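Q: Can you walk me through the ligand site in this one? I'd like to start with what lines it.

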Amino acid sequence: MKRNRKSLLLSLLTLMMVATLFAACGNSNSGNTAEGNNAPADKPANTAPADEPAGKKIVVGFAQIGAESGWRDAETASIKDTFGNDPAFELKFSDAQQKQENQIKAIRSFIAQKVDAIGLAPVVESGWETVLKEAKDAGIPVFLLDRGITAGNEDLYTSFIGSDFILEGENAAKWMLDEFGADAQVNIVQLEGTVGASAANDRKKGFEDAIAGNAGYKIVYSQTGDFTRAKGKEVMEAYLKKDKNIQVVYAHNDDMALGAIQAIEEAGLKPGTDIKIIGVDGVKGAFEAIAEGKMNVTVECNPLLGPQLKQAILDYQAGKELPKWIKSEEDVYFGQKAIDALPNRQY
Ligand code: AHR
């Protein structure tokens, strides 16, 4: 009898232990989360801090050209602001100091880090096939920003986001033809952008094609100023020492135009009056120069591309079909229109 009671007690104890074990198992199943079974009991599964969305961040590598112009600085700021202010993204930013080899290195490093998307502002048009193929083989989408690459390589990138540089060149020529008239005699100095850059090649082509039928319009000198103010000034200074009989300076960006303005003033001429000044970009400095009468026109080129890049990456991730070219909306500013727009210029 004593023995029976003892074994009954033992069985009861065993039963209680088994029940406790089952209950514990039930709890650990409901806590089988990304944090494993060690999740604190008071923290719900998969919870991210209030300012962070649940799940993995979208990692974007951006290979920037450098900081050669006010326009470039505005583009960099737009990218850093867009991705830096969105907790769903992580941005890896690289500044190539104007060197294609540095951009290629940056892209290879993004591939090694298995980023989710790559943004590239190609300093020149050619020489991207190998590295872009490597990105493609790794399954990483590449978005070209602001400048394009050699035609025929469209399968190596997802979308190009940016301006129509040929149209910008045509718009610059149109302003000049309207200003002087089709039959005028006009000597032009062209300050070209970085050699081999799509922005330089296309702005030159658009402008030169547009004046081709007007015999009086002559490009008397065309030289690179590398998209910088210092080189724009240097090229202009050197030319003015040989020849002052010019009516127009067409600069492929505003920074070079502003450099040329300084050189013209130092040579004792009045920029905006003696020599008409045409720039491209639409940076604040150009609007100020127009308001002061030292510059005549700026053809806008929008650098605030961060939001469009972000939307393209989100659309790509959502499996949406993307256009090959996501074009920027742009305008041409001169005279009173430029003066009125100055207070609201963002860059
Ligand atoms: O690719 C766009 C051009 O690059 C801008 O016109 C110029 O300012 C910049 O450096």
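A: Sure. This is a predicted model. The residues surrounding the ligand are E68, S69, W71, R72, D146, R147, F165, A199, R203, F227, N253 and D281.

Q: How many of the shell residues are nonpolar, polar or charged?

A: Six are charged, four are nonpolar and two are polar.

Q: OK, polar contacts. What is the distance from the ligand to the side chain of S69?

A: A ligand oxygen lies 3.0 Å from an N or O atom of the S69 side chain.

Q: And what about the R203 side chain?

A: There the distance is 2.7 Å, from a ligand oxygen to a side-chain N or O atom of R203.

Q: What about N253?

A: An N or O atom in the N253 side chain is 2.9 Å from an oxygen of the ligand.

Q: How much of the ligand does the protein bury?

A: 100%. On its own, the ligand exposes 280 Å².

Q: Where does the ligand sit?

A: In the largest cavity.

Q: Which elements give two or more residues to the shell?

A: Those are α2 (70-84) and α6 (198-211).

Q: Switching to domains. Which ones does the shell draw on?

A: Domain 1 (58-162 + 304-328) and domain 2 (165-301) each supply at least three shell residues.

Note on methods:
Residues are numbered from 1 along each chain as its sequence is written. This is a predicted model: local features need pLDDT of at least 70, side-chain atom pairs count only at pLDDT 80 or more; totals for chains, interfaces and linings use all residues. Side-chain values use heavy atoms; hydrogens and water are left out. A residue is near a molecule or strand if one of its heavy atoms lies within 4 Å of it. A polar contact is a pair of N or O atoms within 3.5 Å; within protein, one must be able to donate a hydrogen and the other to accept it, and residues adjacent in sequence count only if both atoms are side-chain atoms. Accessible areas come from the Shrake-Rupley method with a 1.4 Å probe; for residues, only the protein chains shown count as cover. On a 1 Å grid over the protein atoms alone, a cavity is a set of points where a 1.4 Å probe fits but cannot get out, and a pocket is an open set with protein on both sides within 12 Å along at least five of seven lines; lining residues have an atom within 4 Å of a point. A molecule sits in a cavity or pocket if more than half of its atoms lie within 2 Å of its grid points. Helices (H or I, at least four residues) and strands (E, at least two) are DSSP runs, numbered from the N terminus. Ala, Val, Leu, Ile, Met, Phe, Trp, Tyr, Cys and Pro count as nonpolar, Asp, Glu, Lys and Arg as charged, and the others, Gly among them, as polar. Domain bounds come from an automatic or database domain assignment.
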